[in-house]
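Student: Let us go through this structure by question and answer.
Tutor: Go ahead; the structure comes up next.

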Amino acid sequence: MKRYAVATLTALLSFGSFAADDTQCYAEKYDAYIDASLQWYADLTELTAEKYPDLEDVSEWFLQGRKNHFELNRTAVHYYLTNEPQKIATEQPVESWLSLEQSEVKTLTERNDNLGEVARTTYQDRQAKPHAKNYELRSAFADLLSHPTEIQPLLNKYNQSIEQIQSKTCNK
């Protein structure tokens, strides 16, 4: 009987550490996705500011908004992986793991922890008046995307990063 209890306890402990390892693997995979996405936006805004110097200020504003958005997603995924793993669709491509509606972000703002803090920042961004040159920035992005030779190296870099991230497997 003792051997059975010890074997059962050992199996349960192994499963617990396996689940923790799995959570860590998913967190690292999502972190890599966030980092690649932030790098893409940093590269895009840098190229935009180089080509359109009068849009440097709005490019920085846009990049900060993207950083706030992605840091909310990073923080939420870390929280949910540990506390509510059913909210993270790890069977999907990594960019589709988390879906937060604006109403959910607003609810998160009421929390008194780091997740609430980053949710408040993102929520305030989304409620704020757009930058005066937002339309010009979007037009510049469209122009860059319509001239693939200028932006293709950045797209290739991002796509390669995402392919590498997607190829990482975590046990379930």
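Student: How many disulfides does a search of the whole structure find?
Tutor: This is a predicted model. Cys25 and Cys170 form a disulfide, with 2.0 Å between their sulfur atoms. A search of the whole structure gives a count of one.

Student: Which parts of the chain does the pair Cys25 and Cys170 tie together, and how many residues apart in sequence are they?
Tutor: Both cysteines, Cys25 and Cys170, are buried. Cys25 belongs to helix α1 (residues 2–51) and Cys170 to the segment after α6 (148–167), so the disulfide ties together parts whose separation in sequence is 145 residues.

Student: Is the disulfide of Cys25 and Cys170 left-handed or right-handed?
Tutor: The torsion about the S-S bond is the value to use here. For Cys25 and Cys170 that torsion is about -80°, so the disulfide is left-handed.

Student: What pattern does the chain follow along the sequence?
Tutor: The chain has six helices and zero strands. Read along the sequence, the pattern is α-α-α-α-α-α.

Student: Is Thr75 buried or exposed?
Tutor: Thr75 sits in helix α2 (residues 56–83). Buried means under 20% relative accessible area. The relative accessibility of Thr75 is 16%, so Thr75 counts as buried.

Student: Which residues is Thr75 in contact with, leaving aside its neighbours within four places in sequence?
Tutor: Contact means heavy atoms within 4.5 Å. With neighbours within four places in sequence left aside, the contacts of Thr75 are Asn114, Leu115 and Val118.

How values were computed:
Residues numbered from 1 in each chain as written. Predicted model: local features only at pLDDT ≥ 70, side-chain atom pairs only at ≥ 80, totals over all residues. Heavy atoms only, no water. Helix = DSSP H or I, 4+ residues; strand = E, 2+ residues; numbered from the N terminus. Buried < 20%, exposed > 50% of the residue type's maximum accessible area, 1.4 Å probe, protein only. Disulfide = S-S within 2.5 Å.
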